[in-house]
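Colleague: I should like to go through this chain with you. Please show me the sequence and the structure before we begin.

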Amino acid sequence: MHFVVCLKQVPDTSEVRIDPNTNTLMREGVPSIINPYDAHGLEEAIRLKEKVGGKVTIVSMGPPQAKEALKKAMSFGADRAILLSDRSFGGSDSLATAYILSTALKKIHETEPIDLVFAGKEAIDGDTAQTGPGIAQRLGFPQLTYAIKVKELTETSVTVERKTESGRQIVQAQLPALITVEKELNDLSYASLPNMMKAAAYEPEMWTVNALPFDLTQMGLKGSPTSVSRIFAPPGRSGGEIIDGMKDPSGVAASVVQKLFQQNIIMVSPLMKGGKH
């Protein structure tokens, strides 16, 4: 089977800072990492390859330095890595990004038919959760989102357990299909020494805007109906009020309730017509 993983290099959000004067991200000195959700998608694709046989292809869009993330991804056991990199892609929002990635996947699918596409549920630098479903829509693939377990994979279908706000669902789709994954899907493995050596010598393929029949009006700023107008750090929280209830518990309780009423955290309303408050 042919598994394709959509992977993104992102800044380590635990170390991202915002310039208080310009309200822009300060990227200098901030390390880049593989998007954590994508890493779990890659892990699952490699596990399935080892189980049923086949090939794992990684596809990413980003600047030339994103090659480092692809080389690291190759060290876990992938077979091929493709980086879509061109100035024309710059400024693409999730809609334009889905167009660029799906165009690349269509080209791959023509020569090496794709059975299953994995993508993280979202990227930690954007949190839109739109790119994976956007790719599936453009490819005409059924999409299984928020997957926490691949329960069964056959030659014609895939069954997954997905997380919802109200519980869990077991869903099935015909192949080819696209799955967006949660971190609960699996535990990440360590790269083996042979794969690390292979990855060190591997050079990811670089596809520019000239490599595919792109419509320039659907990418970059021209093809992005959304834009980020401002980035800012949330205001710092003031210290909370500490009330000592040891000396007069009942009086303190009444005082706390009164404060909740004053701040409209709880509202006074009659229990029923003519009833007491």
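Colleague: Which residue follows helix 1, and near what value is its phi?
Modeller: This is a predicted model, in which local features need pLDDT of at least 70 and side-chain atom pairs count only at pLDDT 80 or more, while totals for chains, interfaces and linings use all residues. Residues are numbered from 1 along each chain as its sequence is written, and side-chain values use heavy atoms, without hydrogens or water. Helices are DSSP runs of H or I with at least four residues, and strands are E runs of at least two, numbered from the N terminus. Helix 1 gives way to G53, with a positive phi near 90°.

Colleague: How many residues of helix 1 are buried?
Modeller: Buried means under 20% relative accessible area, exposed over 50%, and partly exposed in between (1.4 Å probe, protein chains only). Among the buried residues of helix 1 are Y37, H40 and L48. The helix is largely enclosed by the rest of the structure, because the buried residues number 12 of its 17.

Colleague: What is the radius of gyration of the chain?
Modeller: The chain holds six helices and 13 strands. The globule rule (2.2 Å times the number of residues to the power 0.38, with the radius taken over C-alpha atoms) gives 19 Å for 277 residues, and the chain is well over this, so it is more spread out than a compact globule. Its C-alpha trace spans about 75 × 50 × 40 Å along the principal axes. The radius of gyration is 24 Å.

Colleague: Is L193 buried or exposed?
Modeller: L193 lies in helix 5, residues 193-201. Since its relative accessibility is 58%, L193 counts as exposed.
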